Amino acid sequence: MELEAIIRDCLDGNEGAWHMLVDLYAKKIFNMAYQFAGSVPEAEDLTQDIFLKLHHALPKYDFGKNFTAWFLTLAKNALIDEYRRTKWEKKQRDEFDDRFYAAASATTGLAADDPERGLAEEETRRILWAGLNALPPDMRLAIILKEIQGKKYEEVADILGLPVGTVKSRINRGRLQLAKILKDRKESAHDAL
Amino acid sequence: MTPCERIEGLLASYVDGELGPDEKALVEAHLAACLECAALAACLKSADAALAAFPDIQPAPALMQKLRAVPAPRRRFRLSFDALLRPSLQPVFAVATILAVGFSLYMASPDKKRIDQAINRQIHLGYSAFEKLTARAGALTDSLGAAADNLFVSLGKINPLGKTDASDR
């Protein structure tokens, strides 16, 4: 079934169509929220909140527009609003949970072949995961969409509602900031040895 | 801007292979000479690779079940009624209730006229007491001013060194 038909069925109150829409986007939204908030329980609450907002906003959806970009913009607004409302005073992000390790070893498969390299990559991932908290929310979301979720600059610009040039410079500044964090942490670890 | 800062600004585009030949040569020459910037470039590449390899995780089945439940439609009236039931508004409602009960007792009282007269009397008494108080305060200010003037005159006449002025002779 095509996405447009699913949305129309959702608007007609078809429960099965809503299930299909949830199945299509739940993983994407949950991971976006998890990478932004850094905690599984918070990401679960945020995902529920975002789907609730989607359900209420669906009648306003313009069928001429790209649904994924529209929905991700709605999710982005919900995440930024929540960040500004609560300030997320928490300074540290949660440790990765088991599901993360399982998914990481399934995608890279390096730990089994070369344990030393696997450990180094895990350490880099940990530093970057913590480093995401040092980025302002707008920059963090841009990095998540482009660098982690692999979207194109144009798609990120569409979701964030910004010109491509602005998005590009924001992402490049964010990447550089993360690289500096990584460099500092690696140097201090090296000095400690 | 130092050369390192200038190169930092180009580093992301360099790693992405988006620089023109001149800028690329400039960055490469700097990286060959500057260990700090070379290390930063290596970390940038490493961070890009690590971010790209961040895995997506599956949402928990319990979350999926909650998401699949179709949300109830919004009911504006209920929401506004809920807002009125906030615990923070309870003291306001308590005060409003006491005032409303007092006012209805006053309106229904057979001695309403006497109560009105008593209230008027109290208002007049209060007003005259206030006037007396202001008059007393005025008198007090005057006497304090006079005392201060006297003090200044007395101080002016005192000559602690016992010197005599030419005009006194």
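**Helix packing in chain A and the contact with chain B**

In H9(A), the residues A:Tyr153, A:Glu154, A:Val156, A:Ala157 and A:Leu160 come up against A:Val164, A:Val167 and A:Lys168 of H10(A). Sorted by class, the residues of this contact come out as six nonpolar, no polar and two charged. Like everything else described here, this comes from a predicted model. Two packed helices are described by the angle between their axes and the distance between the axes. For H9(A) and H10(A), the angle is about 105° and the axes lie 9 Å apart. The two helices, H9(A) and H10(A), are therefore roughly perpendicular to each other.

H10(A) itself runs over 29 residues and spans 42 Å from its first C-alpha to its last, close to the 42 Å expected at 1.5 Å a residue. Quite a list of its residues is buried: A:Val167, A:Lys168, A:Arg170, A:Asn172, A:Gly174, A:Arg175, A:Leu178, A:Ala179, A:Leu182 and A:Lys183. The cover over these buried residues of H10(A) is drawn from both chains, and includes helix H7 (115–131), helix H8 (137–148) and helix H9 (153–160) of chain A as well as H1 and H3 of chain B.

Zooming out, chain A is built with 10 helices and zero strands. Of its 193 residues, 33% are buried. As for contacts in chain A between residues at least 6 apart in sequence, 61% of them join residues at least 24 apart. Chain B has seven helices and, again, zero strands, giving the pattern α-α-α-α-α-α-α along the sequence. Here, buried residues account for 11% of the 169 residues.

Now for where the chains meet. The contact draws 37 residues from chain A and 28 residues from chain B. On the chain B side, helix H1 (3–15), helix H3 (35–52) and helix H4 (61–68) each supply at least two of the residues that touch chain A. H3(B) gives the most to that side, with 10 residues. In terms of class, the side of chain B that touches chain A breaks down into 20 nonpolar, two polar and six charged residues.

H1(B) deserves a look of its own. Its 13 residues reach 18 Å from first C-alpha to last, close to the 18 Å expected at 1.5 Å a residue. Even so, H1(B) has a kink of about 35°, centred on B:Gly9. Buried in this helix are B:Ile7, B:Glu8, B:Leu11, B:Ala12 and B:Val15. These buried residues of H1(B) pack against helix H10 (164–192) of chain A, along with helix H2 (21–33) and H3 of chain B. After H1(B) comes B:Gly17, with a positive phi near 70°.

One residue to follow from here is B:Ala41, which sits in helix H3 of chain B. B:Ala41 counts as buried because it has 23 C-beta neighbours inside 10 Å, the cut-off being 20 or more. Leaving aside residues up to four places away in sequence, B:Ala41 touches B:Leu11, B:Val15 and B:Leu31. Two of these partners, B:Leu11 and B:Val15, are among the buried residues of H1(B). B:Ile7 is 34 residues away from B:Ala41 along the chain, with 9.9 Å separating the two C-alpha atoms.

Methods: Residues are numbered from 1 along each chain as its sequence is written. Chains are lettered from A and ligands numbered from 1 in the order in which they are written. This is a predicted model: local features need pLDDT of at least 70, side-chain atom pairs count only at pLDDT 80 or more; totals for chains, interfaces and linings use all residues. Helices (H or I, at least four residues) and strands (E, at least two) are DSSP runs, numbered from the N terminus. A residue is buried if 20 or more other C-beta atoms lie within 10 Å of its own, exposed if 12 or fewer, and partly exposed in between; C-beta atoms are placed from the backbone. Two residues are in contact if their C-beta atoms, placed from the backbone, lie within 7 Å. Ala, Val, Leu, Ile, Met, Phe, Trp, Tyr, Cys and Pro count as nonpolar, Asp, Glu, Lys and Arg as charged, and the others, Gly among them, as polar. The expected span of a helix is 1.5 Å times one less than its number of residues. The bend at a residue is the angle between axes fitted to the seven residues ending there and the seven starting there. Axes are lines fitted to C-alpha atoms, for helices over the stretch in contact, and angles run from 0 to 180 degrees between N-to-C directions. Angles under 35 degrees count as roughly parallel, over 145 as roughly antiparallel, 65 to 115 as roughly perpendicular and the rest as oblique.
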